[in-house]
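Biologist: Let's zoom in on the charged side chains and how they pair up. Walk me through that part, please, and put it in the context of the fold around it.

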Amino acid sequence: MAVHARRLCHIAFQVAAGQPLARDLQCLFGFQTLAVREARGWRQLALRSGDAVFLVNEGAGPGEPLYGLDPHHAVPSATNLCFDVDDASTAAQVLASRGCRVPVPPVIVRDAQGAATYAVVSSPAGNLSLTLLERAGYQGPFLPGFGPVPSKPEAGWVSHVDHLTLACTPGSSPTLRRWFQDCLGFHHLPLNPGEDPELGLEVVAESGNGGLRLMALQTPPGSIVPTLVLAESLPGATYRQDQVEQFLVRHRGPGLQHVGLYTPNIMEASEGMALAGGRLLTPPEAYYQQPGKEKQILAAGLKPGVLARQGILLDGDKGKFLLQVFTKSLFAEDTFFLELIQRQGATGFGQDNIRALWQSIQEEAARSQKA
């Protein structure tokens with residue numbers, strides 16, 4: 001029996017004191033501070049845009065579990081995915097019986113607004129742990145111990161988390177897929193008709209050297225859990241590392257490479273983020289000159305020049321389109337970035353867009369090396 005995760009509660013990050021992630025999420029990406037918890041030496045801020053919640057831990061206090069965050073990871077990183085479950089104690093027992101390590105056994109936390117129970121389970125994906133949270137009766141703004149932060153309600157650019165992408169070591173995707181399937185009930189989501197779940201989707205670079213292998217996983221209907229994408233490098237790359245290999249080196253192992261945030265209006269969101277100072281990736285110039293690309297964009301009711309100016313990728317046909325734009329890394333160490341995604345009937349991930357992302361990150365890395 002796998003654990004049934006009802007929804008993604010939040011994504012947690014560990015950063016050094018003074019690192020501007022929380023400020024950037026507010027100022028550049030339209031998040032609002034929901035709640036805060038702090039003591040000497042550390043602070044936690046919960047930030048929200050729509051149903052997407054990020055928990056930023058700055059610093060660390062000795063002996064403090066911090067709801068599953070890892071204060072010892074050497075670089076800034078997304079360290080924890082928190083899932084709402086019906087019974088955290090039973091869920092932890094189930095995963096322990098499957099051989100999972102449970103570094104934080106079930107613990108009850110309380111404040112004046114009620115109680116919640118949580119446990120933390122290690123995953124096989126590098127430093128990424130999972131928090132199993134039971135908080136059905138809790139009435140506070142976020143979690144016990146957090147105080148509310150007054151803010152004026154504003155419509156954000158983002159409505160929810162669309163997907164989570166893990167950067168994996170070569171050859172590890174099948175093992176990770178089976179772990180998420182057996183432990184959390186995820187199942188294979190084909191990105192191509194007839195796709196082999198053991199091989200996933202191969203997106204080869206235009207040069208023919210290297211590329212990506214992707215496996216997508218989703219939970220059964222009834223769960224509000226984002227799609228999970230496993231990404232690993234294909235062999236045969238040139239002398240220069242691709243972005244997955246770079247992530248593995250800079251992050252010092254596998255982990256959460258990026259989060260796809262759903263927006264109902266990617267034009268407005270990308271323009272607003274750019275005006276606020278958010279740094280967006282520039283797609284390769286050739287992307288918009290591909291045969292049939294202009295016709296494809298026009299069929300979606302959009303203007304090629306506008307998409308090119310804002311760096312928005314578009315893929316799809318037959319009235320179903322996918323639009324995406326990517327930020328540059330939120331950390332100097334290049335260990336995490338964001339994606340904005342809008343779906344017009346499309347459910348998967350466009351191969352042309354994946355290839356364009358792969359190439360644009362390569363070109364950005366080359367520009368950084370020359371600077």
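Modeller: Quick bit of vocabulary: a residue is buried under 20% relative accessible area, exposed over 50%, and partly exposed in between. This is a predicted model, by the way. With a relative accessible area of 32%, Arg-48 therefore lands in the partly exposed class. Asp-51 lands there too, because its value is 45%. These two form a salt bridge, with 3.9 Å between the closest N and O atoms; the cut-off is 4 Å, so the pair counts.

The structure holds 12 salt bridges, so let's go on to another one. Arg-135 and Asp-84 meet at 3.2 Å, N to O. That pair links distant parts of the chain, 51 residues apart: Arg-135 sits in the loop between strand 8 and strand 9, and Asp-84 in strand 5 (residues 77-84). Asp-84 is buried, because its relative accessibility is just 4%.

Then there's Arg-343 with Asp-162, where the closest N and O atoms are 2.9 Å apart. Arg-343 belongs to strand 18 (residues 337-344) and Asp-162 to strand 10 (residues 160-167), so this bridge ties together parts 181 residues apart in sequence. Both Arg-343 and Asp-162 are buried. Back at Asp-84, shared partners join Arg-7, Asp-84 and Arg-135 into one salt-bridge network.

As for the fold, strand 5 is part of an open, mixed sheet of nine strands, ordered 6-7-8-5-1-4-3-2-9. Its edges are strand 6 (104-111) and strand 9 (147-148), each pairing on one side only. Strand 8 (residues 129-134) runs antiparallel to strand 7 (residues 114-122), joined by six bridges; one of the partner pairs is Val-121 with Leu-130.

Key:
Residues are numbered from 1 along each chain as its sequence is written. This is a predicted model: local features need pLDDT of at least 70, side-chain atom pairs count only at pLDDT 80 or more; totals for chains, interfaces and linings use all residues. Side-chain values use heavy atoms; hydrogens and water are left out. Two strands pair if DSSP finds at least two bridges between them. Helices (H or I, at least four residues) and strands (E, at least two) are DSSP runs, numbered from the N terminus. A salt bridge is a side-chain nitrogen of Lys or Arg within 4 Å of a carboxyl oxygen of Asp or Glu. Buried means under 20% relative accessible area, exposed over 50%, partly exposed in between (1.4 Å probe, protein chains only).
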